[in-house]
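Subject: Structure for you to look through

Dear colleague,

I am handing over the structure we spoke about, and my notes on what was found in it follow below. Please keep the model open while you read, so that you can look up each place as it comes.

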Amino acid sequence: MRTFQLEQLRTFAAVVEEGTLEAAARILVVTPSAVSQRLKAMEDAAGQILFQRTSPVRPTPAGEAVLRFARQVRQLEWDASRELGESSDRPGTPIPLVVNADSLSTWFLPALAGLPPELGAFFEIHREDEQHSTQLLRAGTVMAAVTASPDPVQGCSVALLGALRYRAVASPGYVRRWWPDGPDLRAGSLAPVVDFDRKDDLQEGFFRNLTGTELNAPRHYVPTSAEFAQAIRLGLGWGLLPEQQCLADIRGAALIELAPAHPVDVALYWQRWKIDSPVLNQLSDAVRETAFRQLRQPGA
């Protein structure tokens, strides 16, 4: 392991987070020249390029490893300061997390709200599809993730949270228009579908598993969870919604379930850095406890 000074690691993290050397210099209260010198010294010590000199600045693959290390050191430093009573009156840098949109809109935020205020924790939440969130862990962008991957990222631990259950639904008016004899996805149709974004393959996978054919319907793309559900309620298309967002509407006949015998369960996992941080430990406990209550558990 190359030896880096604490001020160099703080500078490295600041440059990535602020995007430019000048912005990092303002945060660190030093000159841009001092920032540049520290970065050059780090690259000399590492023997390789750590930054892409773009706008904003981006770490190289080697730089991503250094960024993870810098953020781990910063978190451990802050944890130690709090335990020594040296930083109780100042918040730490927000802990970066990545969470999929449906978890954010249904069950995840209560886990954060349940943390004790005296913990002094603040969070920077990145939204990313659960199939792609581990990329941010690998890059050192976040410290923990709600992800669909059970394979731990290097330097991370992984725990099963449970499954978020989805149901295929459409509005009554939509069903009357496209399936006047009753909903029948197996019959094939050009009935429009709503996708979250172009990464979203949930509807396509559901249709393929149900019918054995590819989904070739026209698509709407609605990249926010609440508006995605609203688009379905308004009849723009059919789609899959988490049970927390649709069960009441199904029972009240505001939505029609298209395949009641075929819900879709998406297993979710919690991946986090393997560092002994009291804040990260309490956060992980809160996430697991909330998921146990809100998600479907194995054998339930």
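Before anything else, a word on terms: a residue is called buried when its relative accessible area is under 20%, exposed when that area is over 50%, and partly exposed in between. By that rule R219, with a relative accessible area of 25%, is partly exposed. Please also bear in mind that this is a predicted model. The average pLDDT of the protein is 90, and 96% of the residues score at least 70. Among the elements, α4 has the lowest mean pLDDT, at 83, while strand β9 (residues 239–242) has the highest, at 98. As a general caution, where pLDDT is low, the predicted coordinates should not be read in detail.

R219 is a good place to begin with the charged residues. The side chain of R219 meets that of D195 in a salt bridge, with 2.6 Å from N to O. Because D195 lies in strand β7 (residues 193–195) and R219 in strand β8 (residues 219–221), this pair ties together parts that are 24 residues apart in sequence. Its two partners sit in unlike surroundings, since D195 is buried, with a relative accessible area of 1%, whereas R219 is partly exposed. The pair also belongs to a network of salt bridges that links D195, E204, R208, E214 and R219. Within that network, R208 forms a salt bridge with E204, and the closest N and O atoms are 3.4 Å apart. Both of these residues lie in helix α8, four residues apart, which is about one turn of the helix. R208 is partly exposed, at 35% relative accessible area, and E204 is partly exposed as well, at 23%.

Another salt bridge joins E257 to R167, where the closest N and O atoms are 2.9 Å apart. E257 lies in strand β10 (residues 256–257) and R167 in strand β6, so the pair ties together parts that are 90 residues apart in sequence. E257 counts as buried at 14% relative accessibility, and R167 is buried too, with a relative accessible area of 12%. Over the whole structure the count comes to 17 salt bridges.

Turning to the nonpolar interior, the largest nonpolar core has 53 residues, and those that touch the most other members are W107, F108, L161, F206, W238 and W270. Several elements each supply at least two residues of this core, among them β3 (95–99), α5 (101–113), β6 (156–170), α8 (202–211), β11 (264–273) and α11 (278–294). If you select W107 and leave aside its neighbours within four places in sequence, you will find W107 in contact with V146, L161, L164, L268, V287, T290, A291, Q294 and L295. There is also a second, separate core of 20 residues, which includes L9, V15, V35 and V66.

L9 and V15 also appear among the buried residues of α1, which are Q8, L9, T11, F12, A13, A14, V15 and V16. Helix α1 has 13 residues and reaches 18 Å from its first C-alpha to its last, close to the 18 Å expected at 1.5 Å a residue. Its buried residues pack against α2, α3, β1 (51–52), β2 (58–59) and α4 (61–83). After α1 comes G19, whose phi is positive, near 95 degrees. In helix α2 (residues 21–28) the buried residues are A23, A24 and A25, and what covers them includes α1 (6–18) and α3 (32–46). Just after α2, V29 takes a positive phi of about 60 degrees.

Which cysteines are buried, and how many disulfides does a search find? C156 is buried, with a relative accessible area of 5%, and C246 is buried as well, at 0%, yet a search of the whole structure finds zero disulfides.

Lastly, please look at G299, which has its place in the segment after α11. G299 is exposed, with a relative accessible area of 85%. From G155 it is 144 residues away in sequence and 30 Å away in space, C-alpha to C-alpha.

With best wishes

Note on methods: Residues numbered from 1 in each chain as written. Predicted model: local features only at pLDDT ≥ 70, side-chain atom pairs only at ≥ 80, totals over all residues. Heavy atoms only, no water. Disulfide = S-S within 2.5 Å. Buried < 20%, exposed > 50% of the residue type's maximum accessible area, 1.4 Å probe, protein only. Core = buried A, V, L, I, M, F, W, Y, C linked by side-chain atoms within 4.5 Å. Contact = heavy atoms within 4.5 Å. Expected span 1.5 Å × (residues − 1). Salt bridge = Lys/Arg side-chain N within 4 Å of Asp/Glu carboxyl O. pLDDT = per-residue confidence, 0-100.
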